[in-house]
Amino acid sequence: MSYHFNFGWLLVYYPELLKGTWVTIQLILIGAVFGVSLGVFCAWVRALGPAWLKPIVSVYVELIRNTPFLIQLFFIFFGLPSLGLQMGETSAANLAMIINLGAYSCEIIRAGIEATPRGQFEAGASLAMTRFETFRYVVLLPALKRIWPALSSQIVIVMLGSSVVSQIAVEDLTFAANFIQSRSFRAFEAYFVSTFIYLTLAILLRLLLKFIGGRLFQRKAAR
Amino acid sequence: MTQFTLWDIFRNLLLATRWTILLSLVSFLGGGILGLILLFMRIGHNRAAQFFSKIYVEIFQGTPLLMQLFLAFFGLGLFGINVPAWLAAGVALIAWTAAFLVEIWRGCVESVASGQWEAAASLGMGYLQQMRYVILPQALKIAVAPTVGFSVQVIKGTALTSIIGFVELSKAGSVVTNATFQPFTVYGLVALLYFALCWPLSKSSQILERKLNVAHRNH
Amino acid sequence: MSLIEITEVRKSFGPNEVLKGINLDIEPGEVIAIIGKSGSGKSTLLRCINGLESINSGSISVAGAQLLPDELHLKALRLKVGMIFQQFNLFPHLTAGGNVILSQAVVKKTPKPEAEAIARQMLDRVGLAAKFDAYPDELSGGQQQRVAIARALAMRPIALLCDEITSALDPELVGEVLAVVRSLAAEGMTLLMVTHEMKFARDVCSRVVFMHHGKVHEIGRPEAVFANPQTPELKQFLGML
């Protein structure tokens, strides 16, 4: 093979890569915080919530888990404006990621809640706590602890999946790679470098989540 | 401008769905075979093979499928071949699917209690015999539900091949949208078609898992 | 008026009627042991009094608080009766102190310093003042059960329900828990306990209730019930031990 790799373009285009990386980081931070919050709420509904809300959440979860993220993104960005819901590409990307992670984390967190021994609910009740107080103060934290590894993996998957938001012109890392390949005609190298950045981000994100888990579930004195 | 009926849209999407199904099947089968090879490398006794399998999974699970598609598309081109989109799509999806299946299956093999290995060894079985007659039959039973479950991820993964120009359901959705200017209807239908493909698999995976759990509780 | 009034209580699980019209009135300061075979409905009765099970008919009231199936009434009832479980049910993510503080802070909105002071006082009362910062899995079964008692006491209940609280314990740990219960009885706490500890029931209780097939089959002072059982079923039950 007579191809010569050339990474000289990096000197010219690294600001694009940095900018794109930063956008990807922002996307996953917003997506993770609100997505997991949505997931906690939906998990509460499915495991313990009011009966009338359960079918609505079930349909939402099944619809999202059984359709591609790309189509969810297109539906939100291209489809919703015909209902009068116009939004910018970044908002659409944020919304799509929150909705997507919300559905997946709902199922993961629900499994954690359902693994709670019945005695924990009864102990909460016998201490005169309401069902919601028992969920909030007794059940939630140990449930999250149980499923934290699975939840962390899902957040990483959503971060990697965010690369398709470049398709609606969000200027993320993939967008930067596309831009560079169109300017420098060094397609393979451009994608190679950005893939490497994604891999680094995935590793760092996993470490960050491990750290957060450690703090969240840390044993501390009750004062 | 010609007027498109709902049926026109639906028929076009349905035709493209064939390619989504075909690509999913190829990816799943190819990924399964490659995954099996990587699985044996991972659970075997060769250190180098173990390491390779581990790094393989790290890389393919740690990078976006879209990037893998781009790299396959442009990387294969470096060999001087004019790469058709379907080839890059197939190669990348097989490689990606394999990485996830190895991890799922490795979990199943490891979930077979260590007492089973010891019992088999105590009966004088060699490593391969232990694997063949004791561990794999048990692991296989556990593996069915999550494997069926992962096939849903493969189908959804094929949607990304539209970005490198493979014409399947998602690409057809974009093409039809551009022709009809009815993104809400078209992408809604596209989503429903994906749902029709994925949901039965998701459900069967859940049912299989529940059955297995019940069977285990009775033991 | 009695402190706890149980009137014609019936409870079914599906087609299976577990409580078939229970009547029992308990005066303040009484210590009552409920004995009987497994499946006689004794644990169910206790769980009904705390509202953990709903009842099909009849009524239960504790110091005027009626058992009704809405959250407001349940809360009022549960503030008056505490419950101790066979499996302790401590909250694993909180320390012993945290376990005792939590419901005071959440339910009673007791300010943190005050709740902590009460927690220390209650843990001291069960002999575990030194374990304030220990997590449940760092404690023995007997210690966990004593924390559970402290946790219930911190809500200042007027009666305590004890559901086979020593059944999950190793034999050598039973004594420390019973000693705590004995001291509570001596201080005048109203206690209703399902138990297999016949000697303890004889020594500490003011009355013994023998349940059989979902009914109160025999009831009386412990010396009478144990020394002179009136029914063949109770004779058989005591002989079985």
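**Close-up 1. Helix H2 of chain A, end to end.** H2(A) covers residues 54–65 (helices being DSSP runs of H or I, at least four residues, numbered from the N terminus), and its twelve residues should span 16 Å at 1.5 Å a residue. The expected span is 1.5 Å times one less than the number of residues. The end C-alpha atoms of H2(A) sit 16 Å apart, so the two agree. Keep in mind that this is a predicted model: local features need pLDDT of at least 70, side-chain atom pairs count only at pLDDT 80 or more, and totals for chains, interfaces and linings use all residues. Residues are numbered from 1 along each chain as its sequence is written, while chains are lettered from A and ligands numbered from 1 in the order in which they are written.

**Close-up 2. The two sides of H2(A).** Val57(A), Val61(A) and Ile64(A) are buried, with 20 or more other C-beta atoms within 10 Å of their own, C-beta atoms being placed from the backbone. They cover an arc of only 75 degrees around the axis (taken from the directions from the axis to the C-beta atoms), which puts them on the same side of H2(A). On the other side, Pro55(A), Ile56(A) and Val59(A) are exposed, meaning 12 or fewer such atoms. Helices H1 (10–48), H3 (69–79) and H4 (89–114) of chain A are among what covers the buried residues.

**Close-up 3. Where chain B meets chain A.** Here 30 residues of chain B are in contact (C-beta atoms, placed from the backbone, within 7 Å) with 32 residues of chain A. H8(B) brings the largest share of chain B's side, eleven residues.

Methods
Helix = DSSP H or I, 4+ residues; strand = E, 2+ residues; numbered from the N terminus. Contact = placed C-beta atoms within 7 Å.
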